[in-house]
Amino acid sequence: MAITDIQAYAHLTDEDVEAIGAELDALRRDVEAARGDSDAEYIRRAIALQRGLAAAGRITLFASAFPPAWLAGTAFLSLAKIIENMELGHNVIHGQWDWMNDPEIHSTNWDWDTTCPGEQWKHSHNFVHHTYTNVVGKDNDVGYGILRVTRDQKWHPVNLGQPVYNAMLALLFEWGVALHDLDLEAIRKGKKDRGVVRKQLKQIGRKVGRQVAKDYLVYPALTGPQFLSTLTANATANIVRNLWSYTVIFCGHFPDGAEKFTLEEFETETKPQWYLRQMLGSANFHGGRLMSFMAGNLNYQIEHHLFPDLPSSRYAEMSERVRALCDQYGLPYTTGSLAHQYAQTLRTIWKLSLPDSLLQKTSDDAPETHSEKFPLPAVA
Amino acid sequence: MPQQERIETRPARMRRAVRWLTTPLLPDDYLRLLNPLWSSRELRGRVVQVIPETETAATLVIKPGWGWTFDHKAGQYVGIGAEVDGRWHWRSYSLTSTPTDEAGVISITVKAMAEGFLSGHLTELAAGTVVRLAAPAGDFTLPDPPPAKILFLTAGSGLTPVMAMLRTLHRRDELTDIVLVHSAPTEHDVLFRAELRSLAEQHPELTYVERLTDREGMLALDRLADVVPDWTDREAWACGPPAMLDAAEKAYAAAGVPEKLHLERFSVDLAGAGGEGGTVTFERTGRTAEVDGATTLLEAGEAAGVQMPFGCRMGICQSCVVPLLKGSVRDLRNGTDHQEGDRIQTCVSAAAGDCVLEV
Ligand SMILES: Cc1cc2nc3c(=O)[nH]c(=O)nc-3n(C[C@H](O)[C@H](O)[C@H](O)COP(=O)(O)OP(=O)(O)OC[C@H]3O[C@@H](n4cnc5c(N)ncnc54)[C@H](O)[C@@H]3O)c2cc1C
Ligand code: FES
């Protein structure tokens with residue numbers, strides 16, 4: 001039933017936990033002191049590249065009736081949307097670049113190219129998900145309210161349809177994210193203030209209106225007789241972006257080894273234990289520089305969860321120290337190829353559409369969740 | 001972020017229509033990648049020339065980008081933001097150029113401070129560097145029309161706002177009976193020396209008194225009459241080091257004419273009384289910072305990556321005011337404590353214990 005006692009699960013003494021916390025604090029300080037010109041240059045170039053690709057895509061699609069132009073334009077636009085959502089939007093809204101004191105690259109002013117209003121994202125993601133990471137019943141990212149991704153969540157006949165919901169969510173990911181902060185489950189249970197819901201809906205409506213108008217009305221109309229081919233290109237770009245961001249994000253917490261935690265653990269944890277939960281609850285995947293860039297460096301999910309507001313340009317180098325720390329204390333550093341991590345994720349989602357009675361393992365020793373009853377192997 | 005007003009011009013209306021193509025960004029977010037000045041989202045300028053004035057001071061000639069309106073009043077200052085190692089830093093500088101867009105440029109004159117962080121960097125900027133600008137502000141300005149008898153009391157870099165006034169009066173040929181008493185250590189430290197002398201030659205109504213303090217000692221403001229016999233009849237504008245301005249205030253109060261004196265302070269004495277320091281929480285952004293009792297809340301917020309509002313950064317413009325939600329803070333100028341519920345000037349206040357600000 002998920003982990004309540006991290007120290008027992010990972011064979012850590014109080015001193016170990018303090019030492020791990022101190023080491024991670026030191027890592028934060030080192031990166032804060034080191035960030036400078038080269039990081040600023042990195043994010044500015046990413047922004048210029050993204051805007052260049054977006055403009056190239058939109059312009060190319062003025063010939064969208066011509067198939068090679070359709071293909072090229074869609075590719076440019078897909079890349080632009082992916083970079084915008086992952087490396088720019090997600091990371092800027094996290095405040096990773098706030099240290100630059102640049103109002104144009106700042107979490108308070110940034111809104112991203114998706115139907116989800118930046119402000120609501122800050123709440124549902126930056127606050128809820130990053131605070132309650134993998135705490136079952138608190139972190140709405142554990143299954144996004146529609147999927148059973150761990151045996152810690154009770155089975156319901158509705159879960160039989162999981163393989164289908166999962167595919168739908170992948171295709172329509174942007175829309176799932178847009179509705180995420182509404183917390184449909186809380187609304188259904190009458191736990192959410194009506195006024196707040198109304199205000200949020202209005203905000204979403206406004207954002208959706210502008211996004212939809214841009215991709216499905218204004219640009220298609222500007223290309224005149226090519227209205228339909230431009231529209232399909234834009235829709236395709238949005239779907240490509242949806243599939244990719246869905247994949248990256250699902251590989252962050254659902255592969256085997258990304259542990260789940262109980263509310264009790266959360267309520268009694270100290271700062272170093274918070275670090276441990278973030279570390280044990282997240283999973284990375286391998287990627288070269290290009291893949292990392294396209295994933296917004298979220299293939300370094302572990303580093304991102306330890307330090308959500310440090311610049312993504314530093315995650316790769318930080319991962320070496322985090323990994324060494326894990327090795328030193330016999331902690332798992334969950335990583336693998338993207339295909340491997342996604343295969344495990346998909347397997348869990350499909351498998352958990354079935355009731356527990358048909359499954360072999362329990363929530364104490366399943367691939368996707370453990371408890372301290374089945375601790376990690378002790379280090380020599 | 002400095003506060004600035006936006007005026008809706010025709011290009012601005014057009015850009016708003018084009019927004020449907022660029023949402024959630026602005027058209028300017030794309031255009032500025034082609035030319036940094038093609039954006040009115042943030043005021044920017046390109047340094048077109050850096051003119052050395054003295055050994056330590058230089059004039060920066062800046063071509064402002066879109067959104068700049070060239071309608072400042074002589075004597076006002078602008079905010080200048082410059083990037084150092086990836087971070088933007090802001091300071092205020094009086095405009096030394098006249099309010100006109102004929103040349104399409106503005107200028108400021110910066111004196112590099114020995115221990116200062118940004119001023120030395122600014123005087124060494126390369127032509128072509130892009131800086132950020134904040135719209136002109138300040139009420140250290142002359143009325144229109146100017147009074148019949150004026151006294152300008154300046155020292156060091158404090159000449160800059162007065163220089164803008166003199167240049168503007170000269171342009172409009174509106175010089176009245178003016179006495180300028182300007183102090184500097186040696187003649188090599190006098191800003192705009194040749195120009196001042198030439199102005200005095202062209203305009204008999206302008207008397208230029210130069211005080212070289214290394215040789216002649218500081219001007220004793222309690223004996224101002226020795227230099228300017230009719231000083232109490234004159235409307236006065238004074239700008240210079242804090243000690244000089246304090247002395248001027250005293251002299252005018254003693255003579256019973258405090259209303260005749262207008263001051264511009266470039267710096268503020270924050271040694272009044274330190275706070276105890278503590279943990280500052282920035283409520284809306286959810287950040288916290290551990291600060292000592294000497295660091296201003298403005299600096300603490302910026303260092304923590306919070307977008308703090310600001311203007312002069314010297315306690316004069318109120319742009320930085322935010323509500324104090326919890327705890328208490330101390331005004332570093334005079335030691336006054338502010339409590340929960342007060343609206344405080346972050347640029348001159350420090351934490352007196354843990355506190356929460358609504359930003
Ligand atoms: C309305 C207004 C108009 C202004 N106009 C002008 C102008 O026209 N021209 C101009 O040159 N300036 C002007 N200033 C001043 C300017 O804004 C800056 O304050 C100045 O240039 C110093 O900036 P800095 O970053 O170099 O110094 P900062 O690093 O901000 O330091 C401020 C002061 O503290 C001192 N200091 C810093 N560190 C130490 C230390 N460790 N020990 C001791 N002392 C230290 C510095 O010498 C300096 O005097 C104006 C200010 C205001 C408010
Ligand atoms: S910034 Fe002007 S009063 Fe604080």
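**Close-up views of a predicted two-chain model**

**View 1. Surroundings of B:T160 in helix α4 of chain B.** Leaving aside residues up to four places away in sequence, B:T160 is in contact with B:S94, B:L95, B:T96, B:T109, B:L191 and B:F266. The model shown here and in the views that follow is a predicted one. B:T160 belongs to helix α4 of chain B, which spans residues 159–172, and its relative accessibility of 2% places B:T160 among the buried residues, because buried means under 20%. A polar atom of the B:T160 side chain lies 3.0 Å from the backbone oxygen of B:S157.

**View 2. The antiparallel six-stranded sheet of chain B.** In this open sheet of chain B the six strands follow the order β4-β3-β6-β1-β2-β5, and their pairing is antiparallel. Strands β4 (87–94) and β5 (106–111) of chain B stand at the edges with a single partner strand each, so that one side of each has no neighbour in the sheet. From one strand to the next, the twist averages 40°. At the β4 edge, strand β3 of chain B (residues 77–84) is joined to β4(B) by eight bridges, the two strands running antiparallel. Within this pairing, B:Y77 has B:S94 as its bridge partner in β4(B), and B:S94 is also one of the residues touched by B:T160 in the first view.

**View 3. B:Q49 in strand β1 of chain B.** Strand β1 of chain B, residues 44–52, contains B:Q49, and this strand stands between β6 and β2 in the order of the six-stranded sheet. With a relative accessibility of 42%, B:Q49 counts as partly exposed. When residues up to four places away in sequence are not counted, B:Q49 touches B:T59, B:L60 and B:V61. The C-alpha atoms of B:Q49 and B:L191 are 17 Å apart in space, while the two residues are 142 residues apart in sequence; B:L191 is also among the residues in contact with B:T160.

**View 4. The parallel five-stranded sheet of chain B and a helix packed on it.** A second view of sheet structure in chain B shows five strands in an open sheet, ordered β9-β8-β7-β10-β11, with parallel pairing. The edge strands of chain B are β9 and β11 (261–264), each of which pairs on one side only. The twist in this sheet averages 15° from one strand to the next. Helix α7 of chain B, residues 242–254, packs on the sheet and touches β7 (149–155), β10 (235–239) and β11 of chain B, with its direction at about 165° to that of β11(B).

**View 5. The edge strand β9 of chain B and its partner β8.** Strand β9 of chain B, which covers residues 206–212, is mostly covered, with five of its seven residues buried, although β9 is an edge strand that pairs on one side only. Strand β8 of chain B (residues 177–184) runs parallel to β9(B) and is joined to it by seven bridges. Along this pairing, B:I178 stands opposite B:L206 in β9(B), and B:H182 stands opposite B:E210 in β9(B).

**View 6. Surroundings of A:N234 in helix α10 of chain A.** A:N234 lies in helix α10 of chain A, a helix that runs over residues 227–253. The relative accessible area of A:N234 is 0%, and the residue is therefore buried. Its side chain reaches the backbone oxygen of A:D215 at 2.7 Å. Apart from residues up to four places away in sequence, A:N234 touches A:R58, A:L61, A:L77, A:D215, A:Y216, A:Y219 and A:P220, so that A:D215 appears both in the polar pair and among the contacts of this buried residue.

**View 7. A:D327 in helix α15 of chain A.** Helix α15 of chain A, residues 315–328, holds A:D327, which is exposed at a relative accessible area of 52%. The C-alpha atoms of A:D327 and A:V379 are separated by 9.7 Å, the two residues being 52 residues apart along the chain.

**View 8. The interface between chain A and chain B.** Across this interface, 31 residues of chain A are in contact with 27 residues of chain B. The two chains bury about 2700 Å² between them, of which 49% is on carbon and sulfur atoms. In chain A, the residues that lose the most area to chain B are A:R51, A:N101 and A:E104, which together account for 30% of what that side buries.

Definitions and conventions
Residues are numbered from 1 along each chain as its sequence is written. Chains are lettered from A and ligands numbered from 1 in the order in which they are written. This is a predicted model: local features need pLDDT of at least 70, side-chain atom pairs count only at pLDDT 80 or more; totals for chains, interfaces and linings use all residues. Side-chain values use heavy atoms; hydrogens and water are left out. Helices (H or I, at least four residues) and strands (E, at least two) are DSSP runs, numbered from the N terminus. Buried means under 20% relative accessible area, exposed over 50%, partly exposed in between (1.4 Å probe, protein chains only). A polar contact is a pair of N or O atoms within 3.5 Å; within protein, one must be able to donate a hydrogen and the other to accept it, and residues adjacent in sequence count only if both atoms are side-chain atoms. Contact means heavy atoms within 4.5 Å. Two strands pair if DSSP finds at least two bridges between them. Axes are lines fitted to C-alpha atoms, for helices over the stretch in contact, and angles run from 0 to 180 degrees between N-to-C directions. Buried area is the accessible area (1.4 Å probe) that two parts lose on being put together, summed over both.
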